[in-house]
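Reader: Before I rely on any of the labels attached to this entry, I would like to go through them with you one by one. Could you set each value against its definition?

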Amino acid sequence: MYVLGIESTCDETAVAVVEDGKNILSNVIYSQAELHSAFGGVYPELASREHINQMIPTIKKALAEAGINHKQLDLISVAASPGLIGPLLMGTTAARTLSYAWDIPLVGVNHIDAHVYSAIMSEEKKPHFPSLGLVVSGGHTNLYIIENINTYKPIGHSVDDALGEAFDKVAKLLDLPYPGGPHIEALAKKGTLGPIQLKPGKVKKAPYSFSFSGLKTEVLYLVKGQNSSPKSPTILDPSQRANLAHTFQHVAFTDIIKKTLLAANNFNLKSIYIGGGVSQNNYFNNLFSKIKPSSIDLHWPKKELCSDNGAMIAGLGFHHQKEKCKDFQVKPTKILSL
Ligand code: KG4
Ligand code: ZN
């Protein structure tokens with residue numbers, strides 16, 4: 001079964017063709033990061049307009065790279081929620097239009113579930129269920145129990161900033177470009193733990209939830225001085241900046257890892273599937289492997305499936321269609337009511 005996957009929830013216009021939920025024939029990602037870098041974050045109206053410009057060329061490129069004709073497609077799968085409303089409308093309108101014009105069934109996929117699925121589709125091995133899912137992206141920091149390939153039950157989330165968002169905001173405070181994650185990771189390599197103290201955020205009565213806004217404010221005061229504002233000048237020297245980047249990522253990742261392992265222990269789950277843009281961070285990957293007990297397996301997505309992409313949308317859409325999940329069997333006009 002050939003599935004066309006369309007992703008436009010934020011600032012990537014991404015389209016892929018995937019066979020039977022796993023075999024990636026093409027995975028075209030047009031990133032708008034440069035367009036938004038001047039703003040230090042995604043500018044929703046600009047993102048919507050750029051999706052309009054890029055959607056049709058990206059669909060054409062994905063079909064050409066897969067070497068197939070649209071008549072060979074069996075299904076269109078689109079990221080239907082959550083996301084920025086304008087960008088979501090661009091992708092779902094394109095998907096609805098093509099579904100109608102080409103007379104191909106359409107399925108809607110939850111973007112965050114698809115990030116968890118990206119780690120599942122990255123492996124040849126059959127997945128273990130039930131297992132734990134962790135998404136660390138620019139918009140979400142969520143923990144799930146994966147009951148089966150189509151059922152992702154949320155058990156925890158960030159009550160304020162997502163982890164990627166916190167990386168981007170801390171990067172902005174340190175005058176690093178957007179998206180900030182890779183720049184913080186690079187700067188952190190020059191720093192060390194010890195000279196700077198930071199505390200992770202606590203969420204009362206929610207052991208599997210996260211909070212990063214307090215950590216971000218602690219960083220603000222260290223970078224610019226107590227009771228300063230984001231526009232105040234930096235008071236750190238280069239080595240203090242590096243130590244701060246190192247300590248910030250260490251504290252944030254340790255907090256996430258501990259809570260994830262607590263959930264794995266309490267629910268007796270032995271496999272953890274990790275997804276989202278922040279999962280590209282090598283320090284995170286090494287730290288998780290170091291802290292976790294040997295009885296727990298970690299599953300990471302392939303590099304090209306970490307950030308927003310159409311392949312994970314096509315992949316999970318295949319399973320929704322195959323299992324005839326009622327929730328996802330949407331008529332084109334109902335797509336946004338998912
Ligand atoms: O999953 P994603 O591409 O988009 C969303 O669905 O949000 O995640 C983007 C986020 C950005 O906040 C970016 O700074 C972060 O992923 N990111 C990283 C790294 N690479 C990307 N964060 C930490 N370390 C990285 N190496
Ligand atoms: Zn995402």
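Reader: What makes you place Pro130 in a loop, and which elements flank that loop?

Author: Pro130 is found between H4 and strand E6 (131-136), where helices (H or I, at least four residues) and strands (E, at least two) are DSSP runs numbered from the N terminus. This is a predicted model, in which local features need pLDDT of at least 70 and side-chain atom pairs count only at pLDDT 80 or more, while totals for chains, interfaces and linings use all residues. Residues are numbered from 1 along each chain as its sequence is written, chains are lettered from A and ligands numbered from 1 in the order written, and side-chain values use heavy atoms, without hydrogens and water.

Reader: What is the omega of the peptide bond between Phe129 and Pro130?

Author: Omega is about -5 degrees for that bond, which is cis. Another cis peptide bond joins Ser81 and Pro82, with omega about -15 degrees, and Pro82 lies in the loop between strand E4 (75-81) and helix H3 (85-102). Most peptide bonds are trans.

Reader: Why is Asp20 singled out?

Author: Asp20 is not a glycine, yet has a positive phi of about 50 degrees. Most residues other than glycine have a negative phi, so a positive value is worth noting. Asp20 sits in the loop between strand E2 (12-19) and strand E3 (23-31).

Reader: What makes the approach of Asp308 to ligand 1 a polar contact?

Author: A side-chain N or O atom of Asp308 is 2.9 Å from an oxygen atom of ligand 1, and a polar contact is a pair of N or O atoms within 3.5 Å, so the pair qualifies. For Asn281, the distance from a side-chain N or O atom to a nitrogen atom of ligand 1 is 3.0 Å.

Reader: How are the residues of the shell around ligand 1 divided by type?

Author: The shell holds 4 nonpolar, 13 polar and 3 charged residues, where Asp, Glu, Lys and Arg count as charged, Ala, Val, Leu, Ile, Met, Phe, Trp, Tyr, Cys and Pro as nonpolar, and the others, Gly among them, as polar.

Key:
Polar contact = N/O pair within 3.5 Å; in protein donor to acceptor, adjacent residues only side chain to side chain.
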